[in-house]
Amino acid sequence: EKKSYEKYLLKDGYNLALRDGNGDSFITIAAVPAFEKTYKAKVKFFIKPSQEYLMKIFDIKDYFVVEDFKIKTTYPMNINETNFPKKGDIWFVHVRYNKETLKKEGPKCFNNFKEEILNLLNLPLNTKLSLPANKLEISEELNKKINFYNSLDKTILFIPEANSVVAGDLK
């Protein structure tokens with residue numbers, strides 16, 4: 001039985017699924033230029049609709065939006081079959097989808113996402129992450145709201161999905 005996404009897979013490249021939070025996905029996307037250079041192959045992303053803005057700010061053209069990106073309903077397995085992406089197959093970039101990493105690291109594996117993502121992609125921990133190529137476009141209405149408090153260049157915006165940081169962590 002063919003899976004719905006198979007016709008969109010790169011056969012001679014890596015297909016990385018970004019199913020988790022936008023922060024984790026941001027780090028993964030920022031590491032991919034080093035990954036492509038190291039492994040001499042292109043990467044295609046499979047993303048949630050809410051992550052399409054990441055493709056735009058990083059100027060990524062090769063991606064596929066999975067409308068219903070629920071692991072258990074979209075994919076029959078929720079664990080990667082290999083510990084490293086395999087060309088031509090889809091691979092979820094997160095420690096929770098990697099049996100060996102999760103077994104070895106246990107609960108502490110969620111403490112440093114940058115380090116864990118670089119480990120998953122088999123890149124050195126000192127890998128330089130790339131920066132977005134484009135600025136995020138915001139509406140004039142949102143810009144006015146932000147400027148009420150401070151100018152945008154002196155403001156940090158937290159996205160609603162950033163629920164791994166609790167108020168006490170900011171003190």
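Helices (H or I, at least four residues) and strands (E, at least two) are DSSP runs, numbered from the N terminus. This is a predicted model, where local features need pLDDT of at least 70, side-chain atom pairs count only at pLDDT 80 or more, and totals for chains, interfaces and linings use all residues. Residues are numbered from 1 along each chain as its sequence is written, and side-chain values use heavy atoms, with hydrogens and water left out.

**View 1. The whole protein has six helices and four strands.** Start at the N terminus and you'll read the elements off as β-α-β-α-β-α-β-α-α-α. Of the 171 residues, 37% are buried (under 20% relative accessible area, using a 1.4 Å probe and protein chains only). Now take the contacts (heavy atoms within 4.5 Å) with a separation of 6 or more: 61% of them come from residues 24 or more positions apart.

**View 2. The four strands make an open, parallel sheet.** Look across and the order is E3-E2-E1-E4, with two strands counted as paired if DSSP finds at least two bridges between them. Strand E3 (63-65) and strand E4 (90-92) each have a single partner strand, so one side of each has no neighbour in the sheet. From one strand to the next, the twist averages 25 degrees.

**View 3. Here strand E1 meets strand E2.** E1 covers residues 14-18 and E2 covers residues 43-47; they run parallel, and five bridges join them. One spot to pick out is Tyr14, which stands opposite Val43 in E2. Helix H1 (residues 22-39) packs on the sheet, touching E1 and E2. The direction of H1 makes about 170 degrees with that of E1, on a scale where angles run from 0 to 180 degrees between N-to-C directions and axes are lines fitted to C-alpha atoms, for helices over the stretch in contact.

**View 4. Helix H1 crosses helix H5 (residues 113-120).** Their axes come within 10 Å and cross at roughly 45 degrees. H1 and H5 are therefore oblique to each other, the label for whatever is left once angles under 35 degrees count as roughly parallel, over 145 as roughly antiparallel and 65 to 115 as roughly perpendicular. On the H1 side you'll find Asp24, Ile27, Thr28 and Ala31, which meet Phe113, Lys114, Ile117 and Leu118 in H5.

**View 5. A last look at H5 takes in its buried residues and what follows.** Glu116, Ile117, Leu118 and Leu120 are the buried residues of H5. After H5 comes Asn122, whose phi is positive, near 55 degrees.

Definitions and conventions: Buried means under 20% relative accessible area, exposed over 50%, partly exposed in between (1.4 Å probe, protein chains only).
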